[in-house]
Structures are given as structure tokens and as C-alpha cells.
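Hi,

Here is the structure I said I would pass on. Have a look at it first, and my notes follow underneath.

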Amino acid sequence: MTAIYLNSIFRASSNHRYDTQDFMKIDPMLGTEEDFKNLIKDLHKNRIALILDGVFNHVGADSKYFLSAVTDKTGPYYSWFNFINYPTKYQSWWGVTTLPEVNKNNADYQNFICGPDGVLAKWTRMHLSTAGAWTWQTNSQCRSCGRSASACRMKTAMP
């Protein structure tokens, strides 16, 4: 075995974790951040790469980002979403209303994911860049950060 692939590790309300609640926290079902760091260390020792599924084109309807957006049009997350009839109708992933789609062209969202203090940087700082990669569900997710598909490797995700 040379690699392990994990679906989304972010805090979520489901067991598949594609309904992210918080990109900056690991889902408690998987343990703690310390557990995750130990996993990475053990994988490094055994020369096993870790590939993480980056689910960045939608969040859960119960995410802190979306809940803020539907309660405060002036809040920091409102512009991350495309509302058709605020606050009840919005663009969602494949029409699944529990998965509000993010506006991948929004500069604040792009910075949140790809910026120096963003999601990719946080998880990459845990030394993932020396033993793994990120994968996106679709190529359009790579474009959300202005990166080509070939630049999705975590080594290039570091600012």
C-alpha cells in the first residue's frame, strides 16, 4: 500500500461528511486534531501518502457559514452564496437543498480556502504536503482557487 484516501475530514452532520459545518475543524467522529497529526506521522514513517477529499463547492445547510448567511445579509458569509429568493431559495449542489452551493468566484471565499491562513494552509501545515495531496470533486473546484488541476497538489497549496 502506498496511499490512503480519506473522504472529507471536516466537521459535518452526516457520516459521509460532504455537508461541511466547519472547514477548520476535524469531525469528532474521526478523533482530534492531535489524533490526525499522529496518523500523519505514522503514515510518513511508513512512506504512505495521504490523499484528502476537498469538498469546497458546497457546505451543509447547517454550516456556520450558511446559517450566518441566512440570518444576516450584512454578515461575512452572505456573499458566499447565491440566493434566488432570500433566505429560503438558493443555489444548491445538484438541487440538494441541504447542500448550499458556494459562490466559487467570491474573492473572500477563495481567500478562505486558498489564502495564507485558509483551509488548505491550515491542514497542509500539519505536514501533509510531504506525504499527500488534495483531490477535488470537480475541476471547477480547482478553478475556485485559481489553480489548475495539476496545481491541486498540497505542495502548491502552501502560500
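Let me start with N106, which counts as buried because its relative accessibility is just 11%, under the 20% cut-off. Bear in mind that this is a predicted model. You will find N106 in the loop between β6 and α3. A polar atom of the N106 side chain sits 2.9 Å from the backbone nitrogen of Y109. If you skip residues up to four places away in sequence, N106 touches S79 and W80.

D22 is another one to click on. This residue is in strand β3, and with 6% relative accessibility it counts as buried. What does the side chain of D22 have 2.9 Å from one of its polar atoms? That would be the backbone nitrogen of M24. Leaving out neighbours within four places in sequence, the contacts of D22 are F10, R11, K64 and Y65.

Y65 takes us to helix α2, which spans residues 64-71. Its buried residues are Y65, F66, S68, A69 and V70. Which elements do those buried residues pack against? They pack against three strands, β3 (20-26), β5 (83-85) and β6 (89-90), and against helix α3 (107-114). On helices in general, there are 3.6 residues to a turn, so residues three or four places apart point the same way.

Next, the largest nonpolar core, which has 31 residues. The members that touch the most other members are F23, F36, F56, F81, I113 and W123. At least two residues of this core come from each of β3, α1 (33-45), β4 (49-54), α2, α3 and α4 (119-124). So that you can place β3 in both stories: D22 lies in that strand, and the buried residues of α2 pack against it.

Finally, the overall picture:

- The protein has six helices and seven strands, and along the sequence they run β-β-β-α-β-α-β-β-α-α-β-α-α.
- There are 159 residues in the protein, and 46% of them are buried.
- Among contacts with a separation of 6 or more, 57% are between residues 24 or more positions apart.
- About 8,100 Å² of the protein is exposed, with carbon and sulfur atoms supplying 52% of that area.

If you only have a minute, I would open D22 and its 2.9 Å partner at M24, then N106 with its partner at Y109.

Cheers

How values were computed: Residues are numbered from 1 along each chain as its sequence is written. This is a predicted model: local features need pLDDT of at least 70, side-chain atom pairs count only at pLDDT 80 or more; totals for chains, interfaces and linings use all residues. Side-chain values use heavy atoms; hydrogens and water are left out. Buried means under 20% relative accessible area, exposed over 50%, partly exposed in between (1.4 Å probe, protein chains only). Helices (H or I, at least four residues) and strands (E, at least two) are DSSP runs, numbered from the N terminus. Contact means heavy atoms within 4.5 Å. A nonpolar core is a set of buried Ala, Val, Leu, Ile, Met, Phe, Trp, Tyr and Cys residues joined through side-chain atoms within 4.5 Å. A polar contact is a pair of N or O atoms within 3.5 Å; within protein, one must be able to donate a hydrogen and the other to accept it, and residues adjacent in sequence count only if both atoms are side-chain atoms. Accessible areas come from the Shrake-Rupley method with a 1.4 Å probe; for residues, only the protein chains shown count as cover.
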